[in-house]
Amino acid sequence: MSSPGVDWRPLVDALADELTVSGKLVSPRWQAAFRSTPRHVFVPEYREQDSTGEWRRIAVDSPEAVAAVYRNVALFTDVDARGHGISSSSMPGLMTRMLELLDLHPGHRVLEIGTGTGYNTALLCAALGDANVFSVDVDYTTAARERLDSLGHRPTVVTGDGRDGLAEHAPFDRVLATVAVPQVPPSWLGQLTEGGLVLADLKITASAGNLVLLRKAGDQLEGRFDTGQAYFMRMRHTDAPVAPPDPESLGVAETRTTPWVRPYGWILFPGFCRAWSSVDRSRSGTGSATTPVTGHARPR
Ligand SMILES: C[S@@+](CC[C@H](N)C(=O)[O-])C[C@H]1O[C@@H](n2cnc3c(N)ncnc32)[C@H](O)[C@@H]1O
């Protein structure tokens, strides 16, 4: 632990109380998991950008620095050569909101895409037991595993591309992506149990998309966009430009409309199930709480 002398319990309780009041932490399951998991163990240092744009390292090695970790803010933990954040400990209130949305029950097996610091993996372990938790990241897994181990957690943490899921450990009852994806990879659908859920930040473009909760029904994923905003960093390895769709080659399955949203469609490119949309912003303030989307992942 980076700062063993610090009493973190009052800090985590104060943050949990804040999230409870704002409705982001609700159920006894996630209350208990959140209040028993020390975030500072997973964030021994983080990065902050100063007014000149320079990133500086903040070591979490004093009582003040530990206290700063128990705020409802995302903390960048790695930055690439261009100065873009490439890993972080996500905003705690966003994590708890997503965990609540997942409707998890004892015995459920969860695949997390984007281990990062391992903090959210630890929350999953506390609620479901290590044997039911699987997590994958393109990097950072050694450090995450060590931190989890220091708290007695031994989930399955794998280095790899989350786009492929984790076939060797499937099936999963839930897939939780803590990265933004431009498309829902078909491997996630294929590795889900019937009735299982995918929760992901589906960002079709940088400015279009949001958290979407999709349930598997046969070869379909069907569900709703959430109203609360989410801004995850984009999945790496998937940013190759996508060729413009050739209408002749698209397997358009189904579209639906809502009072305030133009048609949504799901199409399967070779290798990907993809959704696209065009939100009528002039009417978005009057819309329903969630936006239905539906579609088939139809192998071609
Ligand atoms: C917002 S952070 C995850 C936060 C993490 N869940 C936590 O609690 O600290 C996003 C993570 O996704 C990872 N990532 C990016 N592309 C990925 C990919 N193709 N497969 C798996 N992980 C990926 C990044 O390396 C980064 O660590």
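**Close-ups of a predicted model with a ligand**

**View 1. Aspartate 103, a residue with an unusual sign of phi for a non-glycine.** Look for aspartate 103 in the loop that runs between helix H4 (92-101) and strand S5 (110-113). Its phi is positive, about 50°, although aspartate 103 is not a glycine. Is aspartate 103 buried or exposed? Neither, quite: 14 other C-beta atoms lie within 10 Å, so aspartate 103 counts as partly exposed. Keep in mind for this and every other view that the model is predicted.

**View 2. Tyrosine 140, just ahead of helix H6.** Here the loop is the one between S6 and helix H6 (141-150), and tyrosine 140 sits in it. Tyrosine 140 isn't a glycine either, yet its phi is positive at about 70°. It has 19 C-beta neighbours inside 10 Å, and since being buried takes 20 or more, tyrosine 140 ends up as partly exposed.

**View 3. Helix H6 and its two sides.** Which residues of H6 are buried? They are Ala144, Arg145, Arg147 and Leu148, so two arginines are on the list. These four cover an arc of only 165° around the axis, which means they share the same side of H6. That fits the general pattern: an α-helix has 3.6 residues a turn, so residues three or four places apart point the same way. Flip to the other side of H6 and you find Thr142, Glu146 and Ser150, which are exposed. What do the buried residues of H6 pack against? Their partners are H5 and S7. After H6 comes glycine 152, with a positive phi near 85°.

**View 4. Proline 171 and its cis peptide bond.** The bond to zoom in on joins alanine 170 and proline 171: it is cis, with omega about 5°. Proline 171 belongs to the loop between strand S7 (156-159) and S8. Leaving aside residues up to four places away in sequence, proline 171 touches Gln191, Leu192 and Thr193. Tryptophan 188 is 17 residues from proline 171 in sequence, and the C-alpha to C-alpha distance between the two is 9.5 Å. With 15 other C-beta atoms within 10 Å, proline 171 is partly exposed.

**View 5. The shell around the ligand.** How many residues surround the ligand? There are 26, and the closest are Ser87, Gly114, Gly116, Asn120 and Gly162. Strand S4 (85-89), helix H5 (119-128), strand S6 (133-137) and strand S8 (172-181) each chip in at least two residues of that shell. S4 gives the largest share, four residues. Sorted by class, the shell has 10 nonpolar, 11 polar and five charged residues.

**View 6. The whole chain, and where to be careful.** Zooming out, the protein chain has seven helices and 15 strands. Of its 300 residues, 42% are buried. Among contacts with a separation of 6 or more, 58% are between residues 24 or more positions apart. The mean pLDDT of the chain is 82, and 78% of the residues reach 70 or more. Where does pLDDT stay under 50? That happens over residues 238-300, for which the model still has 104 contacts beyond four places in sequence.

Note on methods:
Residues are numbered from 1 along each chain as its sequence is written. This is a predicted model: local features need pLDDT of at least 70, side-chain atom pairs count only at pLDDT 80 or more; totals for chains, interfaces and linings use all residues. A residue is near a molecule or strand if its C-beta atom, placed from the backbone, lies within 6 Å of it. Ala, Val, Leu, Ile, Met, Phe, Trp, Tyr, Cys and Pro count as nonpolar, Asp, Glu, Lys and Arg as charged, and the others, Gly among them, as polar. pLDDT is the predictor's confidence in each residue, from 0 to 100. Two residues are in contact if their C-beta atoms, placed from the backbone, lie within 7 Å. A residue is buried if 20 or more other C-beta atoms lie within 10 Å of its own, exposed if 12 or fewer, and partly exposed in between; C-beta atoms are placed from the backbone. The arc is that of the directions from the helix axis to the C-beta atoms.
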